Amino acid sequence: MTNQVKDIFTNYSEQLKIVEQRLIDIFKSSVPLIPLIGQHILKGGGKRIRPLFLLLSADLCGYKGKNQYYMAAVIEAIHTASLLHDDVIDGAETRRGNPSAHSIWGNQVVILVGDYLYSHALRLAVNQKNQEIMEALSEATTMMTEGEVLQLYKTADPNITDEEYFKIISAKTGILLSAACKIGGILSNQPKEYKSALAMFGMKTGIAFQLV
């Protein structure tokens with residue numbers, strides 16, 4: 001991580017701590033296994049790039065409200081749910097140097113916890129009572145699933161085209177970063193062209209990240 005990027009994370013460290021607490025709240029449940037798996041996942045860390053992009057976009061647009069923290073946590077919860085499912089599909093034994101959740105609790109439990117994260121995160125997003133936010137998140141989650149299926153279908157296919165490859169990485173990484181950036185504009189009631197520009201920035205950044 002370059003010094004410039006580290007400086008950005010340092011400048012937003014207090015805001016990201018609030019997001020982290022909101023993320024812990026999303027894992028709260030009367031079923032003890034859900035927060036237990038949540039603690040395991042959150043203890044593993046992560047760069048929190050997607051929440052940061054939402055905070056940056058909201059800040060860029062002059063937004064000062066608290067809803068940015070809830071929505072940043074929702075975005076990260078959706079990302080975390082996708083990682084839980086990915087690790088099961090890929091048979092990954094570790095995640096960020098720690099045992100993967102499914103290697104400890106089994107595939108069935110972890111898939112269901114991933115489903116819980118998806119549904120609970122979207123339920124919290126509904127509380128914003130903002131149709132545009134729900135449309136952005138619905139598009140993102142649908143496209144992410146399509147990308148995962150397409151990737152499985154194209155695994156070890158030597159005839160995969162550039163178009164198919166870019167469709168996969170746009171869906172797996174680009175679309176959620178795009179939604180994060182766009183929501184920063186939605187929260188601050190920016191004009192359509194501003195929100196579109198933020199969404200495009202997030203998409204292109206996600207594609208570049210996945211290419212690297």
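Phenylalanine 201 counts as partly exposed, at 49% relative accessibility. In this predicted model, that ring has an aromatic partner: phenylalanine 53 and phenylalanine 201 sit stacked, 6.1 Å centre to centre and with 15 degrees between the planes. The partner is the buried side of the arrangement, since phenylalanine 53 comes in at 14% relative accessibility, under the 20% cut-off for buried. As for where the two rings come from, phenylalanine 53 belongs to helix H4 (residues 49-60) and phenylalanine 201 to helix H10 (residues 192-211), so the pair ties together parts that are 148 residues apart in sequence.

The count comes to two aromatic pairs. Besides the pair just described, tyrosine 165 and phenylalanine 166 meet edge-to-face, at 5.6 Å centre to centre and 75 degrees between the planes. Here tyrosine 165 is partly exposed, at 31% relative accessibility, and phenylalanine 166 is partly exposed too, with a relative accessible area of 35%. Another ring has a charged residue for company: arginine 22 lies over the face of tyrosine 70, 5.1 Å from the ring centre.

Turning to the nonpolar interior, the largest core has 49 residues. Leu54, Met71, Ile75, Ile78, Leu137 and Ile183 have the most contacts inside this core. Helices H2 (13-26), H3 (33-43), H4, H5 (67-90), H7 (107-126), H8 (131-154), H9 (162-187) and H10 each give two or more residues to it. The top contributor is H5, which supplies eleven residues.

Isoleucine 183 gives a good look at how some of these residues meet. With neighbours within four places in sequence set aside, isoleucine 183 is in contact with Leu54, Met71, Ile75, Ile133 and Leu137. Of these partners, Leu54, Met71, Ile75 and Leu137 are also on the list of residues with the most contacts inside the core.

There is also a second, separate core of five residues, and its members include Phe53, Cys61, Leu177 and Leu198. That brings phenylalanine 53 back into the picture: this residue is in the second core and also stacks on phenylalanine 201.

A polar residue is worth a mention as well. Threonine 141 is part of helix H8, one of the helices that give two or more residues to the largest core. The threonine is buried, with a relative accessible area of 13%. Leaving aside neighbours within four places in sequence, threonine 141 is in contact with Ile78 and Tyr118; Ile78 is among the residues with the most contacts inside the largest core.

Notes:
Residues are numbered from 1 along each chain as its sequence is written. This is a predicted model: local features need pLDDT of at least 70, side-chain atom pairs count only at pLDDT 80 or more; totals for chains, interfaces and linings use all residues. Side-chain values use heavy atoms; hydrogens and water are left out. Rings of Phe, Tyr and Trp (its six-membered ring) pair if their centres lie within 6.5 Å; planes under 30 degrees apart count as stacked, over 60 as edge-to-face and the rest as tilted. Helices (H or I, at least four residues) and strands (E, at least two) are DSSP runs, numbered from the N terminus. Buried means under 20% relative accessible area, exposed over 50%, partly exposed in between (1.4 Å probe, protein chains only). A charge sits over a ring if NZ of Lys or CZ of Arg is within 6 Å of the ring centre and within 35 degrees of the ring normal. A nonpolar core is a set of buried Ala, Val, Leu, Ile, Met, Phe, Trp, Tyr and Cys residues joined through side-chain atoms within 4.5 Å. Contact means heavy atoms within 4.5 Å.
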